[in-house]
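Me: I should like to learn how to read the features of a structural model. May we work through one case together?

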Protein chains: 2
Amino acid sequence: VPGTFGVDNLPYGVFTPGDGRPRVGVRIGDTVLDLHAALGDEVFAEPTLNAFMAQGPASWQQARERVTALLGEKSSQVGGAAHRHNLGDVSLALPFAVADYVDFYSSRQHAENVGRIFRPDGDALMPNWLHLPIGYHGRAGTVVVSGTPVGRPSGQRREPGSESPVFGPSTRLDIEAEVGFVVGVPSPLGRPIPAADFDKHVFGVALVNDWSARDIQAWEYVPLGPFLGKSFATSISAWVTPLAALRHARVPPPVQEPEPLPYLRSDEDFGLDIEIEVSLNGHVVSRPPFRDMYWSPAQQLAHMTVNGASARTGDLYASGTVSGTVRGEFGSFLEMSWGGRDPLSLPGGETRTFLRDGDTVTLTASARGSGGARVALGEVTGTIMPAVNQA
Amino acid sequence: VPGTFGVDNLPYGVFTPGDGRPRVGVRIGDTVLDLHAALGDEVFAEPTLNAFMAQGPASWQQARERVTALLGEKSSQVGGAAHRHNLGDVSLALPFAVADYVDFYSSRQHAENVGRIFRPDGDALMPNWLHLPIGYHGRAGTVVVSGTPVGRPSGQRREPGSESPVFGPSTRLDIEAEVGFVVGVPSPLGRPIPAADFDKHVFGVALVNDWSARDIQAWEYVPLGPFLGKSFATSISAWVTPLAALRHARVPPPVQEPEPLPYLRSDEDFGLDIEIEVSLNGHVVSRPPFRDMYWSPAQQLAHMTVNGASARTGDLYASGTVSGTVRGEFGSFLEMSWGGRDPLSLPGGETRTFLRDGDTVTLTASARGSGGARVALGEVTGTIMPAVNQA
């Protein structure tokens with residue numbers, strides 16, 4: 001069920017009108033409302049959401065109420081029409097300056113799939129997986145907005161049976177369909193954020209495609225984790241959906257057994273009913289269900305700061321690949337093609353294991369809204385460009 | 001041999017006089033020269049080095065020449081005296097806004113030590129280690145300036161023989177003595193930086209102590225690498241030594257066998273003769289030699305961007321723990337105590353495996369200068385504070 005960008009949604013982004021500078025806007029249908037022009041608040045004249053996000057929940061609520069009121073006005077300037085631009089007339093920028101980028105690994109199904117693909121005779125899960133949300137830092141500087149072309153990365157890979165690596169364009173270029181959480185209110189060094197304080201710090205949600213070169217990753221990742229296999233690009237949606245728009249999407253999280261350590265428990269904890277669609281060249285290939293994620297975003301935030309690490313405005317942390325129990329619900333081509341051994345069939349007789357140059361991958365998503373309605377998340381799309389660096 | 005902060009050194013930092021705002025200065029002896037006041041350039045009125053570093057090598061050289069000329073003047077305001085503050089009268093800030101932080105693992109001796117400690121029956125080096133500079137992204141938001149107290153992190157660890165983890169303050173808190181490189185001139189997405197262009201992009205060098213909680217790290221790091229075991233704090237020196245001050249420190253790099261892939265080769269490549277001293281509570285416990293590092297900073301930069309990743313002004317990448325061949329040259333307590341099995345003896349009969357609350361670790365370093373002189377790097381020091389988060 002596709003969602004809508006109605007008055008119960010109101011995601012934030014940064015847009016540039018043809019003649020102007022980048023500024024903050026709210027999406028309504030296929031238009032964007034110029035918030036600085038409509039509300040007269042200087043925080044919306046900024047070229048990123050960061051200053052607004054740093055103001056905290058009271059300001060977030062007030063802005064949402066003012067926009068809602070404006071849209072309901074019956075004056076001559078109906079619904080802020082004077083300050084609305086058609087999406088086709090503006091360009092969309094990265095909505096916030098990314099501080100630190102962390103990528104988790106919180107879908108049990110995804111972790112088990114990866115374990116089965118790479119270690120068919122071992123345990124599907126590592127011993128630590130059920131005790132903590134595994135995660136690592138990614139490259140913040142290469143987080144790009146939806147629509148940015150993605151160059152196929154070159155790098156070292158080792159072919160099966162060979163001892164030495166070769167250099168060249170990745171031959172196993174993949175996606176990771178994820179949901180990202182954006183920190184608004186920072187926390188100081190030495191002050192962990194309790195899981196229950198999740199919504200005092202996190203402003204909203206963006207869709208994330210964490211592009212991954214599986215061959216580069218496989219060769220480099222022992223013992224310090226993924227590096228160049230991931231750092232060439234991470235695409236995020238141009239729109240950040242505020243948590244307030246997702247209040248109807250809260251669902252009970254999965255039962256966790258063994259029970260997590262106390263710092264990972266909270267009565268306020270929640271899952272989110274978000275349905276993702278993965279499209280390859282316009283054809284839907286998968287529908288990963290976010291509601292089944294094992295570790296919640298509140299637990300991830302608590303874990304990320306429990307050692308005293310500070311959080312900053314603009315920190316982005318992503319869920320990790322979202323995968324369900326069957327092929328039609330997997331969030332990566334690694335899983336959909338089961339390690340490249342079982343290609344996907346596409347309309348027109350084509351097949352795919354990993355991505356080819358020219359392929360376009362688009363993630364769309366919607367969350368449960370009020371009544372039967374669904375709230376749309378901003379899409380994230382990217383097209384693969386040929387490698388520039390061949391040797 | 002300790003180095004000096006003479007006229008052939010001139011490292012940059014950010015200082016705050018008692019009555020003022022943070023601004024850029026150059027260290028001369030035990031004074032700091034206010035560059036905005038002395039040179040009248042607005043770029044030095046900034047609270048970080050980033051704007052100046054982004055200007056590139058021609059500006060860096062010009063500023064250095066102007067400071068050198070000023071210090072040689074015989075006028076009534078000898079050597080810029082009117083614009084110099086005693087170090088005791090100012091506070092020192094983080095010298096640059098850290099964009100992305102990458103930590104490498106480029107000392108062969110360190111990698112082999114770690115291999116022997118944790119895998120006594122296996123190969124000391126992983127199969128990939130001799131083919132690429134292994135590295136990973138760390139947390140940029142918790143890079144702090146020298147002198148910042150370091151809270152002992154709490155987190156999950158698993159005791160030997162136990163299946164489940166416990167939570168509590170780290171019992172294996174360690175250091176990593178490293179040299180960090182600071183990017184000035186950015187590079188765009190999709191345009192790898194050749195190894196030969198190292199000094200067109202890198203502005204200078206900072207000393208780095210990458211504090212590490214070995215027990216947290218050991219439990220969490222499979223399969224995505226270190227996370228909370230490192231992210232609580234990384235201390236850097238208040239002074240960034242420009243590459244120009246290190247021109248006499250260039251030494252031939254070690255022979256690399258097998259020969260690296262072409263993108264990692266360069267006639268311009270270099271090692272750096274930097275000697276580090278690690279002091280615990282005022283007592284020197286180790287002298288790690290940077291000149292023996294296997295992978296050079298030029299190779300690290302080429303590797304970090306070969307997949308098309310952009311570099312940003314303020315990117316910090318550190319060498320990884322610097323270790324020589326004997327215990328007196330190791331850059332971590334993990335190695336100095338050989339996994340905690342062989343405590344160090346300290347003056348007064350004390351011993352140490354890992355750090356105790358109240359311990360102060362100070363790294364100092366000097367590099368070969370002109371003639372027999374040595375150029376001092378800024379020190380990096382930190383004192384361990386008790387954990388705040390006990391349960």
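Reply: The discussion below concerns a predicted model, and turns from the interface to one helix and then to one residue.

Me: How many residues does each chain bring to the contact?

Reply: One begins with the residues on either side. Here chain A contributes 57 residues and chain B contributes 57 residues. Between them the two chains bury about 5,300 Å², of which 63% lies on carbon and sulfur atoms. On the side of chain A, the residues that lose the most area to chain B are Arg139(A), Leu224(A) and Phe227(A), which together account for 15% of what that side buries.

Me: Which polar interactions cross the interface of chain A and chain B?

Reply: Charged pairs and the wider set of polar contacts are counted separately. There are 2 salt bridges between chain A and chain B. One salt bridge pairs Arg139(B) with Asp315(A), with the closest N and O atoms 3.1 Å apart. In addition, 22 residue pairs are found in polar contact across the interface, both residues being at pLDDT 80 or more.

Me: Which elements give two or more residues to the side of chain A that touches chain B?

Reply: They are strands E6 (101-104), E7 (135-138), E10 (154-157) and E11 (166-169), together with helices H6 (214-220) and H7 (297-305), of chain A. The largest share, 4 residues, comes from E7(A). Sorted by class, this side of chain A has 33 nonpolar, 17 polar and 7 charged residues.

Me: Is H7(A) mostly covered or mostly open?

Reply: For a helix, one counts its buried residues and then looks for what covers them. H7(A) is mostly covered, with 9 of its 9 residues buried. Among them are Pro297(A), Leu301(A), His303(A) and Met304(A). The cover over the buried residues of H7(A) includes E6, strand E13 (177-183), helix H5 (198-201), strand E14 (202-209) and strand E22 (316-318) of chain A.

Me: Turning to a single residue, why does Thr31(B) count as buried?

Reply: Burial is judged by relative accessibility, with the cut-off for buried set at under 20%. Thr31(B) counts as buried because its relative accessibility is 15%. Thr31(B) belongs to strand E3 (residues 31-34) of chain B.

Me: What does the side chain of Thr31(B) reach?

Reply: The side chain of Thr31(B) reaches the backbone oxygen of Ile28(B) at 2.7 Å. A polar contact of 3.1 Å also joins the side chains of Thr31(B) and Arg84(B). Leaving aside neighbours within four places in sequence, Thr31(B) is in contact with Val26(B), Arg84(B), His85(B), Asn86(B) and Leu87(B).

Notes:
Residues are numbered from 1 along each chain as its sequence is written. Chains are lettered from A and ligands numbered from 1 in the order in which they are written. This is a predicted model: local features need pLDDT of at least 70, side-chain atom pairs count only at pLDDT 80 or more; totals for chains, interfaces and linings use all residues. Side-chain values use heavy atoms; hydrogens and water are left out. Contact means heavy atoms within 4.5 Å. Buried area is the accessible area (1.4 Å probe) that two parts lose on being put together, summed over both. A salt bridge is a side-chain nitrogen of Lys or Arg within 4 Å of a carboxyl oxygen of Asp or Glu. A polar contact is a pair of N or O atoms within 3.5 Å; within protein, one must be able to donate a hydrogen and the other to accept it, and residues adjacent in sequence count only if both atoms are side-chain atoms. Ala, Val, Leu, Ile, Met, Phe, Trp, Tyr, Cys and Pro count as nonpolar, Asp, Glu, Lys and Arg as charged, and the others, Gly among them, as polar. Buried means under 20% relative accessible area, exposed over 50%, partly exposed in between (1.4 Å probe, protein chains only).
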